[in-house]
Amino acid sequence: MSLENLLDDFALFDDWEDRYRYIIELGNKLEPLTDSEHNDTTKVPGCVSQVWLVSEGTVDEMRFRGDSDAHIVRGLVAILLILYSGKSAHDIMQIDAQDAFTKLGLGEHLTPQRSNGFHAMISRIRLEAETALKVH
């Protein structure tokens with residue numbers, strides 16, 4: 001799935017209740033993390049809910065997996081994985097997640113705490129990409 005597919009899917013819903021349900025559904029489709037992957041190293045600081053992100057792959061193709069203890073936030077993780085997973089570290093650094101956030105209308109429909117958590121997850125993904133570029 002791509003951002004364009006996600007925007008098309010969002011356009012199918014008339015109200016935000018339906019969009020929230022869709023976001024939750026996206027989160028429910030995430031590949032589960034193992035118990036050992038729920039740890040302090042993978043935990044994303046700055047999120048009110050607990051969020052874990054696992055980075056895998058190489059500088060040429062980074063893959064991310066994630067989880068949260070909150071349904072909506074797990075859906076936000078899924079949206080970020082759609083934006084970032086499977087891309088090169090260089091491409092990840094070029095992605096304007098704030099633009100995607102705005103296009104999806106999330107800024108005006110999420111609490112400030114969830115918005116801050118969303119940005120903390122973006123920062124973590126970008127840090128993983130920066131690290132991969134430095135190591136490469």
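# Notebook: contacts, helices and rings

**Entry 1. Serine 88**

I began with serine 88 and set aside its neighbours within four places in sequence; serine 88 is then in contact with Val59, Asp60 and Glu61. I note here that the model is predicted. I located serine 88 in the loop between helix 3 and helix 4. Is serine 88 buried or exposed? I found a relative accessible area of 16% for serine 88, and because buried means under 20%, serine 88 counts as buried.

**Entry 2. Aspartate 69**

I turned next to another loop residue, aspartate 69, which has its place between strand 2 and helix 3. The relative accessible area of aspartate 69 is 47%, so this residue is partly exposed. Not counting residues up to four places away in sequence, I recorded that aspartate 69 touches Ser49, Gln50, Trp52 and Arg74. I also looked up a distance: the C-alpha atoms of aspartate 69 and isoleucine 95 are separated by 26 Å, and the two residues are 26 residues apart along the chain.

**Entry 3. Helix 3**

I then examined helix 3, which has 14 residues. At 1.5 Å a residue helix 3 should span 20 Å, and I found its end C-alpha atoms 20 Å apart, so the two values agree. How many residues of helix 3 are buried? I noted 13 of its 14 residues as buried, and helix 3 is thus mostly covered. After helix 3 comes glycine 86, and the phi of glycine 86 is positive, near 90°.

**Entry 4. Helix 2 against helix 3**

Two packed helices are described by the angle between their axes and the distance between the axes. For helix 2 and helix 3 I recorded a packing angle of about 70° and axes 7 Å apart. Because angles of 65 to 115 degrees count as roughly perpendicular, helix 2 is roughly perpendicular to helix 3. On the side of helix 2 I listed Tyr20, Ile23, Ile24, Leu26, Gly27 and Asn28, which meet His71, Ile72, Arg74, Gly75, Leu76, Ala78 and Ile79 in helix 3. I sorted the residues of this contact of helix 2 with helix 3 by class and obtained 8 nonpolar, 4 polar and 1 charged. Arg74 of helix 3 had already appeared in my notes as a residue that aspartate 69 touches.

**Entry 5. Helix 1 against helix 2**

At what angle do the axes of helix 1 and helix 2 cross? I read roughly 140°, with the axes coming within 10 Å. Helix 1 and helix 2 are therefore oblique to each other. From helix 1 the contact draws on Leu6, Asp9, Phe10 and Ala11, and from helix 2 on Trp16, Arg19, Tyr22, Ile23 and Leu26. By class I noted 7 nonpolar residues, no polar residues and 2 charged residues in the contact of helix 1 with helix 2.

**Entry 6. Aromatic rings**

I looked up ring pairs and found a count of 5 aromatic pairs. One of them joins phenylalanine 10 and tryptophan 16; the pair is edge-to-face, with 5.9 Å centre to centre and 75° between the planes. Phenylalanine 10 is buried, with a relative accessible area of 4%, and tryptophan 16 is buried at 14%. Ring pairs link Phe10, Phe13, Trp16, Tyr20 and Tyr22 into a cluster.

**Entry 7. Leucine 7**

I returned to helix 1 (residues 3-11), in which leucine 7 lies. I noted leucine 7 as partly exposed, with a relative accessible area of 25%. Which residues is leucine 7 in contact with, leaving aside its neighbours within four places in sequence? I found Lys103 and Leu104. The C-alpha atoms of leucine 7 and glycine 105 are separated by 9.8 Å, although these residues are 98 residues apart along the chain.

**Entry 8. Helix 6 and serine 115**

I closed with helix 6, which has 24 residues and reaches 35 Å from its first C-alpha to its last, close to the 34 Å expected. Among the buried residues of helix 6 I listed Ser115, Phe118, Met121, Ile122 and Arg124. The buried residues of helix 6 pack against strand 1, strand 2, helix 3, helix 4 and helix 5. I looked up serine 115 individually: its place is in helix 6 (residues 112-135), and it is buried, with a relative accessible area of 11%. Apart from its neighbours within four places in sequence, serine 115 is in contact with Phe101, Gly107 and Leu110.

Key
Residues numbered from 1 in each chain as written. Predicted model: local features only at pLDDT ≥ 70, side-chain atom pairs only at ≥ 80, totals over all residues. Heavy atoms only, no water. Helix = DSSP H or I, 4+ residues; strand = E, 2+ residues; numbered from the N terminus. Buried < 20%, exposed > 50% of the residue type's maximum accessible area, 1.4 Å probe, protein only. Contact = heavy atoms within 4.5 Å. Phe/Tyr/Trp six-rings, centres within 6.5 Å; stacked < 30°, edge-to-face > 60°. Expected span 1.5 Å × (residues − 1). Axes fitted to C-alpha atoms, helices over the stretch in contact; angles between N-to-C directions. Parallel < 35°, antiparallel > 145°, perpendicular 65-115°, else oblique. Nonpolar A, V, L, I, M, F, W, Y, C, P; charged D, E, K, R; others polar.
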